[in-house]
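Open the model in your viewer and keep the sequence panel beside it. This tour goes from one selection to the next.

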Amino acid sequence: MTNWHFAPGRNFECSQCARCCRGWRIHIDPQTAQTLQSSPFRKQLEVKDGRTFARKNAQEECTFLTPQRLCQLHSQPGTGAKPAGCRQFPFRLTRTPDGIFVGTSFSCPSIQSNQGEPLATYQAELESLTERLPLWGESGVPVCPSVLLDWSEYLRLEKHILERETVEIGLAEGLWALGQYALRPDRPLEGYLLQAAAALEPPDEPLMLMEHHWFHRLLAHCGEKSARAPSRKAPPAELETYLRALLHGKILINHRPLLGNLALLHLLPSFYRFWFDQSGSLDHALDLCERKIATHPNNLNELVEKMADDFRDQLDPVL
Ligand code: SF4
C-alpha cells in the first residue's frame, strides 16, 4: 500500500479563478496529446521542440478556457481528457521510497490563503494520477553527476534544514555541507552538517544574496533587467511557510541533481524579496516564484547545472 504524505494544516478548495489557465505554457503530456491530435481539438495545440502545448489567446490564456471561465475539455469530453498537469494542479506529486509526497503550487490563491478542505481530502482524486509517476531516490539521490547520497542521508539533510532557526539558515548550512560532501563523499554528510551548524554565520540577508553573481544571472534569465536591495520588508512568515511547503513536496530531488536544486532554493528567497519589493504584493511575489523558479524547472537546467559546478569549484574543502 502506498503511503501518502500531505502537509499538515494545509487546505485547498478551487475557487475557479482560472489563474492556472493563463500566463504560462500549458504542457500536454504525450498520451493526452495523442488523443487530442486525432480530435477536432487538434487546432488548439502547438508543438515546440517535440513537446505539445495548448495554444494561448491574445490575453495569454489557455485556448481551452471558455468565456464562462471553465475548461472546454473538462466539460466535454470530461476531466479525464485534460492534460495530466492540469488534472494535478495545484498539487505536485513526487513518488519516493517512503511513498508519495504531495506538494502544492503557491501560484494558486486558494493554496496561498490556505482556504478550504484539508489536503488529504483529495487523496482519492489524486490516486488516479499516480500510474506514470517516476520513482525518485530509490537507488540514491544524485548530488552531482558523479556522487550519490543514500535516501536516508537525504532525509537527514532535509531534517537539518527544517530544524534550524529558519529554513533560510538551514538552506545555507545544507548547501555548504552538501558542497563539501560532493568534494569528499568518503566522509558522512552528518559531519559536514554539524560543522556547518557550528561554524557558519547566519546569512546576512538580503544583501549578501542580492550581490550574488548567480542571482543576477538567473534574474536576467527570468526577464528582469537588474536588482537592487529591497526597500520594502517582504513578509518573512509567509516565506518560511512557502519554503517548508516546497521542501515537503520534495522539490530538492526532482528533475535535477540535488546540489543544483539546493543552490537554486537557497537563492529563491532573494527572488521572493525582489518581486515583493517591485510590486508590494505577496500574491505577485509567490506567483512569480512559482512560475519562474519552482514549476518550470526545465528552462533553468543548464544554468542550474553551471551554478552547482561553480559553487563546488569555489568551495574550500575542509581538511
Ligand atoms: S488557480 Fe487554484 S483556485 Fe484558481 S482555478 Fe486554478 S486551482 Fe482553482
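How do the residues of the shell around the ligand divide into nonpolar, polar and charged? Eight are nonpolar, three are polar and one is charged. Bear in mind that this is a predicted model.

**Stop 1: the ligand.** Select the ligand and show its surroundings. Begin with Cys 14, Ser 15, Gln 16, Cys 17, Ala 18, Arg 19 and Cys 20. Then add Phe 89 and Pro 90. Finish with Cys 108, Pro 109 and Ser 110. Together these residues surround the ligand.

**Stop 2: two domains.** Colour the protein chain by domain. Domain 1 covers 4–127, and domain 2 covers 141–314, according to the domain assignment. Their C-alpha centres are 26 Å apart.

Now look where the domains meet. On the domain 1 side, 16 residues make contact with 16 residues of domain 2. Which elements supply at least two residues each to the side of domain 1 that touches domain 2? Select β6 (91–96), β7 (99–104) and α4 (109–113). The largest share comes from β7, with four residues. Colour this side of domain 1 by class: seven residues are nonpolar, eight are polar and one is charged.

**Stop 3: strand β5 and its partners.** Select β5, residues 51–54. Which of its residues lie on the covered face, and which on the uncovered one? Thr 52 and Ala 54 are on the covered face. Arg 51 and Phe 53 are on the uncovered face. In a regular strand, side chains alternate between the two faces of the sheet.

Add β3, residues 27–28. Two bridges join β3 to β5, and the two strands run antiparallel. Find Ile 28, and you will see Thr 52 of β5 opposite.

Next, add β4, residues 45–48. Four bridges join β4 to β5, again in an antiparallel arrangement. Pick Glu 46: its bridge partner in β5 is Phe 53. β4 and β5 form a hairpin, with two residues between the strands. Click on Asp 49 in the turn, which has a positive phi of about 50°.

**Stop 4: helix α7.** Select residues 167–183. This helix has 17 residues. From its first C-alpha to its last, α7 reaches 24 Å, close to the 24 Å expected at 1.5 Å a residue. Why is α7 described as largely enclosed by the rest of the structure? Because 15 of its 17 residues are buried. For this count, a buried residue has 20 or more other C-beta atoms within 10 Å of its own.

Note on methods. Residues numbered from 1 in each chain as written. Predicted model: local features only at pLDDT ≥ 70, side-chain atom pairs only at ≥ 80, totals over all residues. Near = placed C-beta within 6 Å. Nonpolar A, V, L, I, M, F, W, Y, C, P; charged D, E, K, R; others polar. Domains from an automatic or database assignment. Contact = placed C-beta atoms within 7 Å. Expected span 1.5 Å × (residues − 1). Buried ≥ 20, exposed ≤ 12 C-beta atoms within 10 Å, placed from the backbone. Pairing = 2+ DSSP bridges.
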